[in-house]
Amino acid sequence: MNYLSVENISKSFGERTLFENISFGINKDQKIAFVAKNGTGKTSILKIINGEDTPDTGQVVIRKDIKMAFLSQEPNLDPELSIEESIFASDNETLKVIEQYEKALENPEDEEAYQKAFERMDLHNAWDFETQYKQILFKLKMEDLKLKVKNLSGGQKKRLALAIILINKPDLLILDEPTNHLDLEMIEWLENYFAKENMTLFMVTHDRFFLERVCNEIIELENGKLYQYKGNYSYYLTKKEERIAAENASIDKAKNLYVKELDWMRRQPKARTTKSKSRQDDFYVIKEKAHSRRKEHQVELEINMERMGSKVVELHNISKKFKDKTILENFSYNFKRGERIGIIGKNGTGKSTFLNILTQTLPPDSGKVVVGDTIKIGYYTQSGINPKPEQKVIDVIKEFGEYIPLAKGRTISAAQLLERFLFDRKKQYDYVEKLSGGELKRLYLCTVLIQNPNFLILDEPTNDLDIVTLNVLESFLLDYPGCLLVVSHDRYFMDKIVDHLFVFRGEGEIEDFPGNYSDFRVYEDSAEPAKEEPKTGAPADKKSWKQNNVKAGLAFNEQKEFQKIEKEIKDLEQQKQDIEQQFSDGSIADADIAKKADELQKVINTIEEKTERWFELSAKMEE
């Protein structure tokens with residue numbers, strides 16, 4: 001059954017054409033992802049489908065009897081309503097019955113009103129529906145239902161809009177970056193929800209795990225043409241590679257034929273027969289094909305990174321609280337050269353606060369941050385770029401110089417650098433305020449990287465970046481020789497570029513996990529028993545899942561100990577090596593030799609104790 005048809009739509013802004021004569025359909029039970037580079041009109045197409053914008057040509061035809069909902073990047077909610085009032089403001093009849101019942105509960109002295117409300121709940125089978133919607137609110141952390149929309153953060157508003165849509169269960173759901181502003185736990189819950197619900201989806205998302213596990217079809221807009229792939233993300237990657245290879249072979253064939261036909265055109269007879277005229281027409285078709293080339297620009301990133309000394313960044317007993325909320329408590333860590341650390345945790349556990357303390361833009365309550373003399377920090381924040389009024393794209397880069405130093409003593413002009421970041425010469429002289437969200441992020445990333453940092457901090461770098469740019473950024477970061485610290489909800493991205501994780505558990509607890517995100521999920525899934533969904537929406541005991549965990553003979557605390565002990569042994573070995581080196585190079589004063597010898601012996605003893613404990617736990621795991 002066809003729900004919606006997009007028929008030959010086009011859209012331009014001034015001289016800039018976003019797309020022309022685009023057509024596709026959405027049918028019942030399809031879960032479609034729409035993939036395109038930033039700035040090619042993904043959000044414009046979503047708005048046209050939803051009726052928020054009109055195409056220059058063509059039309060969108062929607063089946064009359066279907067219920068459609070749209071989750072935008074900026075939800076349109078009444079700021080004066082509470083969360084609960086926003087939910088009940090929809091036209092859903094069952095929700096109105098539940099609303100009357102909730103009001104009757106607040107006034108139990110009116111027995112007649114309560115009885116009527118109770119009977120209507122039975123009549124509309126609203127009890128199960130109430131349980132379902134409270135589960136949705138609980139999963140999306142919408143627990144204080146009396147909170148006003150005007151007091152919510154941007155992320156909370158997005159989650160409220162998502163909750164309202166899921167509660168109303170539309171036939172067709174249009175989603176613009178649904179995983180932005182969700183923490184990893186919420187994303188995985190939403191993934192499972194969409195995978196099992198009979199809901200038709202059309203979405204723009206850069207989350208490749210989400211694409212892999214939810215979508216059964218991908219539509220790609222590339223160089224003004226639509227390509228459709230009947231499968232998930234892995235299938236799309238395989239088939240796209242095959243398509244590109246076939247196109248390149250076709251272009252090569254056309255080039256060979258073009259050389260032959262060009263020779264004929266130069267020697268063509270004076271008599272213009274019908275046959276020769278037809279061949280001339282064919283020649284111009286062949287010429288166009290032969291001169292076509294794939295516009296596969298890549299963001300080529302080369303930096304002239306400063307050499308790092310032995311001291312990188314040290315955190316000594318850092319603590320931070322906001323009123324009664326503990327963010328960090330006596331946290332210490334010494335970063336080493338070439339470390340690649342990912343930071344994960346629920347929203348509100350202090351990830352961004354930690355980065356601000358590390359970069360010394362926010363002071364800790366106690367403890368200190370020591371940054372090595374050779375360290376140059378590059379910090380990509382969620383706040384993004386702050387251009388001056390009427391500033392052009394190229395002027396943003398020229399603030400760092402007309403020429404930018406690259407590796408091996410080379411330089412590059414500001415214009416050439418922007419071209420490498422997919423900004424052509426025409427786009428470079430556009431005003432910054434005309435850029436799309438993804439283009440703004442790409443420009444901001446450019447300004448951070450051209451300062452040649454050797455300690456790179458990225459706070460949610462993948463939000464609003466298209467998949468093409470993400471793949472290139474990942475390739476760059478894999479070769480990046482400096483220290484890397486990343487906060488991201490993009491699991492695919494984290495798996496590719498980090499070696500270990502800081503897991504923010506909340507209440508100041510930070511766990512150092514030796515592995516990438518998929519390793520962590522395997523560990524968590526095996527460590528946790530199946531968690532029952534709350535029946536009423538009341539939060540479950542947050543600590544209950546930690547009890548009675550057994551994995552191959554290890555209790556939960558033993559698992560945590562085993563997980564940390566390898567890294568502790570590694571750090572102690574490094575400490576032992578450093579002290580031994582001091583003895584070797586004679587840098588210890590005579591008066592301190594005995595003290596250093598005692599220190600070395602303590603380190604050796606601790607290594608032996610830790611190693612013995614490691615063997616004990618290893619043996620227990622194998623039981």
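Cysteine 483 counts as buried in this predicted model, because its relative accessibility is just 1%, and the cut-off for buried is under 20%. Cysteine 215 goes the same way: its relative accessibility comes out at 5%, so cysteine 215 is buried too. As for cross-links, a search through the whole structure turns up zero disulfides. A disulfide, for the record, is a covalent bond joining the sulfur atoms of two cysteines.

Glutamate 217 is part of strand 8, which covers residues 217-222. With a relative accessibility of 3%, glutamate 217 counts as buried, because anything under 20% does. Leaving aside residues up to four places away in sequence, glutamate 217 touches Gln30, Lys31, Ile32 and Ala33, along with Gln228, Tyr229, Lys230 and Gly231.

Next comes a pair of helices. Helix 6 (residues 154-168) packs with helix 7 (residues 184-196) at an angle of about 20 degrees, and their axes sit 14 Å apart. That angle makes the two helices roughly parallel, because angles under 35 degrees fall in that class. The crossing of helix 6 and helix 7 is left-handed. On the helix 6 side, the contact is made by Arg159, Leu162 and Leu166, while helix 7 brings in Met186, Trp189, Leu190, Tyr193 and Phe194. Sorted by character, the residues of this contact come to seven nonpolar and one charged, with no polar ones.

Terms used. Residues are numbered from 1 along each chain as its sequence is written. This is a predicted model: local features need pLDDT of at least 70, side-chain atom pairs count only at pLDDT 80 or more; totals for chains, interfaces and linings use all residues. Side-chain values use heavy atoms; hydrogens and water are left out. A disulfide is a pair of cysteine sulfur atoms within 2.5 Å. Buried means under 20% relative accessible area, exposed over 50%, partly exposed in between (1.4 Å probe, protein chains only). Axes are lines fitted to C-alpha atoms, for helices over the stretch in contact, and angles run from 0 to 180 degrees between N-to-C directions. Helices (H or I, at least four residues) and strands (E, at least two) are DSSP runs, numbered from the N terminus. Angles under 35 degrees count as roughly parallel, over 145 as roughly antiparallel, 65 to 115 as roughly perpendicular and the rest as oblique. A crossing is left-handed if the near helix is turned anticlockwise from the far one by less than a right angle, and right-handed if clockwise. Contact means heavy atoms within 4.5 Å. Ala, Val, Leu, Ile, Met, Phe, Trp, Tyr, Cys and Pro count as nonpolar, Asp, Glu, Lys and Arg as charged, and the others, Gly among them, as polar.
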